[in-house]
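User: Can you walk me through this fold? I'd like to start with a helix and then move to the sheet.

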Amino acid sequence: MTFSIVGRCADTGQLGIAISSSSIAVGARCPWLRPGVGAVSTQNITLPALGALSLDQMENGLSSEQAVAQALSLDEYRQFRQLTAIDHLGRTAHFSGSETLGTHQALSGEQCVGAGNMLADRAVIEALVHAFETHDGLLADRLIAAMQAAVAAGGEAGPVHSAALVVVGDHSWPIVDLRVDWAEEDPIGTLANLWRDYRPQMQDYLTRALDPTKAPRYGVPGDE
């Protein structure tokens, strides 16, 4: 039903998640990020609370592996869960319970961890992680490239319908938060197009938030 990549940029410390699913609005339930703390994807039979619980534990000083283990210990249905996590130091963790659906895989890489269920092939996650490790550019560029590589390797066993991309940096709010809540086909392609259009404006939105006096014109009526 879902595959995702959780990653960190070693140069900027940014944390990000890209994810896609056959279900509607995957971005509303599965990706959880906290600037300077970590990022968690909770998927398969999703319990969104595991994202916040894991991040709370990381904020209390636990590694990603310790945090995920602690969060799962509180869930009596953990056998149905699939989690991936990365902390602010780039340490990764993953868990796939015994009731994870279909062909599934989870794999840690350099500053990243990928996972999926109901996959066309376990090699999909290998392609996902490899693409993130070898692609250049901003963190969001690398996350999108990883998702596109996963699709090229077969993706899910069935069609996917939603996708999301979230990146956090130095501020308390996401610097990228893009979603395709439903598409009959190719939500990852639609998400890639959204990122292509948003990327040149990303810094402008940060400038407007931090110092409106330095913001570029808004390009709307009355902006003189």
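What follows is a short chat about one helix and the sheet it lies on, in a predicted model.

User: What should the 14 residues of α4 span, and what do the end C-alpha atoms give?
Analyst: At 1.5 Å a residue, helix α4 (residues 139-152) should span 20 Å. Its end C-alpha atoms are 20 Å apart, which agrees.

User: How many residues of α4 are buried?
Analyst: 10 of the 14, so α4 is largely enclosed by the rest of the structure. Among them are Leu-139, Asp-141, Arg-142 and Met-147.

User: What do the buried residues of α4 pack against?
Analyst: Three strands, β1 (2-8), β2 (15-21) and β9 (162-168), plus helices α3 (123-134) and α5 (187-198).

User: Which residue just after α4 takes a positive phi?
Analyst: Gly-154, at about 125 degrees.

User: Switching to the sheet. What's the strand order?
Analyst: β7-β8-β1-β2-β9-β10. It is an open sheet of 6 strands with antiparallel pairing. β7 (105-109) and β10 (176-180) are the edge strands, each pairing on one side only. The twist averages 5 degrees from one strand to the next.

User: How many bridges join β9 to β10?
Analyst: 5, and the two strands run antiparallel. Within β10, Leu-178 is the bridge partner of Leu-165.

User: And how do the helices sit on the sheet?
Analyst: α4 lies across β1, β2 and β9, at about 150 degrees to β1. α5 also packs on the sheet, touching β1, β2, β9 and β10. The direction of α5 makes about 145 degrees with that of β10.

Terms used
Residues are numbered from 1 along each chain as its sequence is written. This is a predicted model: local features need pLDDT of at least 70, side-chain atom pairs count only at pLDDT 80 or more; totals for chains, interfaces and linings use all residues. Side-chain values use heavy atoms; hydrogens and water are left out. Helices (H or I, at least four residues) and strands (E, at least two) are DSSP runs, numbered from the N terminus. The expected span of a helix is 1.5 Å times one less than its number of residues. Buried means under 20% relative accessible area, exposed over 50%, partly exposed in between (1.4 Å probe, protein chains only). Contact means heavy atoms within 4.5 Å. Two strands pair if DSSP finds at least two bridges between them. Axes are lines fitted to C-alpha atoms, for helices over the stretch in contact, and angles run from 0 to 180 degrees between N-to-C directions.
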